[in-house]
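Colleague: I'm new to this one, so could you show it to me and let me pester you about the words you use for it?

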Amino acid sequence: MSTETKEKRFSLGRANVDMTEGSIVKSIVIFALPLLLGNLFQQLYNMVDTWVIGQTGDTEAYAAVGSVAPIINILIGFFSGLASGAGVIISQNYGAGRDEEVRCATHTAMTMTLILCVVFTALGLLTTPLMLRLMLHAEGDGGGVYPHAYTYLMIYFAGISGLMIYNMGAGIMRAVGDSARPFYYLVVSAVTNTLLDLLFVFKFKMGVAGVAYATIIAQAASAVLTVISLLRSHGAIRIEIKKLRINREMLGNIIRLGIPAAIQLAITAFSNVFVQSYISNVNSDKTAALAGWTTYSKIDQFIFLPIQSIALAATTFVGQNLGKGDIKRAKKGTYVAYLMSTVGSLMIMAPIMIFAPGIAAIFNPDPDVVEHAVMLLHFITPFYLCSSVNQVFAAALRGAGNTRAPMVIMLTSFVVVRQIYLFIMSNFISNDFFPIAFGYPVGWMTCCALTLIYYKVVGFKKINVYTDGGMTEAKKNA
């Protein structure tokens, strides 16, 4: 790419980060920091829902709001995996300087998203009763969790389009190195959600329905801002309404790359429905156990933030550099991202483990709920170091266009191995709370071992670069 062409591209997209040149650490930090802050705000406004309900003293409603995440993640996980295919193609072509392909991928991806909004809304509304029965064992649940969870999910899925549009739009921006604007829109969404939560629950006494409405309104706000931004953007990711159509070849590439990740995320989320089913059927107080799990799951998202943010940076970094044909830099960036992820995780894990009782009580002060949550925070948190391996190296492989290997490894670890462990543990060894909850670290450790082995043996030997010029150069450098 000539200097003149490069200057033109960057004058049209000043927020973009070219990760193919300069300091690797600086490139990852500049990209990952807004992403980390954005994810932090996203977690904060998700946690506000749970916190607000927790302050009402209704433990069943609190458990319901926190327990629906695995069901939501089935559809969102599938869509996010599919969207990752678009992100890889856009980042590779952006790194290779092929702006026309970036435009084609952008318009195809957004058109696909609009169609899937209709499909996923219908699927969510139709499958909610079945998923809740699987997770809570009975339609009435005997404890009153079911009706609260049903109300929340039906409202949430009715407004799921906002989240889907934001996720795809933000993914397009991040693929070209722009993680700043998605962060700003999440801040707006977080503030909106918090204010509406307080208004709907404490002022209008709407309960679970109130936090659900607050969530979908906040997500719609972020979607509107994202769409406006893409419509007004300069350069290759600018959306033009009249050009919104499906390019069959590009759609095929997106599906080819995205389906393995989509299947992995959806099935893993579906597997988590069964994990929660085991949690809700332990020998101790079932409501306290489920509420304790809810508290832990909200706190654990903070631990996961640096891992998730840096993993996404690794995908974009590898995609852009392989698009340019620089395998050596892609490999080095992967290891740098792993080290940064591990250090960041340790900085968050230590205070959470030390101050676990006080942190857990913020969400729900019930002593039984706090006891269950603290048990998990003390004994499961250290195993997040395995997740740094799992997420960063799998993200790097996806950036190289290799989405099948991470899919097979994670499904084997998080579904097959974890479910076998839970079945044996609950039926033949112990159906107590902690042994069942330890099924999560068992999956992480298995995935860590398999991911390291695969990356050491195969690594970037199997590369799918979806740019004509980049493919030849990548093969030559390999």
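Colleague: What makes up the contacts in the protein chain with a separation of 6 or more?
Modeller: Residues 24 or more positions apart account for 83% of them. Contact here means heavy atoms within 4.5 Å. Bear in mind that this is a predicted model, where local features need pLDDT of at least 70 and side-chain atom pairs count only at pLDDT 80 or more, while totals for chains, interfaces and linings use all residues. Residues are numbered from 1 along each chain as its sequence is written, and side-chain values use heavy atoms, with hydrogens and water left out.

Colleague: How do you know that the radius of gyration agrees with a compact globule?
Modeller: For 478 residues, a compact globule would come out near 23 Å, and the protein chain has 22 Å, so the two agree. The radius is taken over C-alpha atoms, and the globule rule is 2.2 Å times the number of residues to the power 0.38. Along the principal axes, the C-alpha atoms fill a box of roughly 65 × 50 × 40 Å.

Colleague: How many helices and strands are there?
Modeller: The protein chain has 19 helices and 0 strands. Both are DSSP runs numbered from the N terminus: helices are H or I with at least four residues, strands are E with at least two.

Colleague: Why is the contact between E21 and K324 called a salt bridge?
Modeller: The term needs a side-chain nitrogen of Lys or Arg within 4 Å of a carboxyl oxygen of Asp or Glu. E21 and K324 have N to O at 3.5 Å, so they qualify. The pair links distant parts of the chain, 303 residues apart: E21 is in the loop between α1 (3-12) and α2 (24-54), K324 in helix α11 (residues 286-324).

Colleague: Why is E100 called exposed, and R103 partly exposed?
Modeller: Exposed means over 50% relative accessible area, buried under 20%, and partly exposed in between (1.4 Å probe, protein chains only). E100 has 53%, so it is exposed, whereas R103 has 29% and therefore counts as partly exposed. These two also form a salt bridge, with their closest N and O atoms 3.3 Å apart. Both lie in helix α5 (residues 99-136), 3 residues apart, about one turn of the helix.

Colleague: And what about E240 and K243, buried, exposed or in between?
Modeller: E240 is at 27%, so it counts as partly exposed, and K243 is partly exposed because its value is 37%. Their side chains meet in a salt bridge at 3.4 Å, N to O. The structure holds 5 salt bridges.

Colleague: How much of the protein chain is buried?
Modeller: Buried residues make up 58% of the 478.
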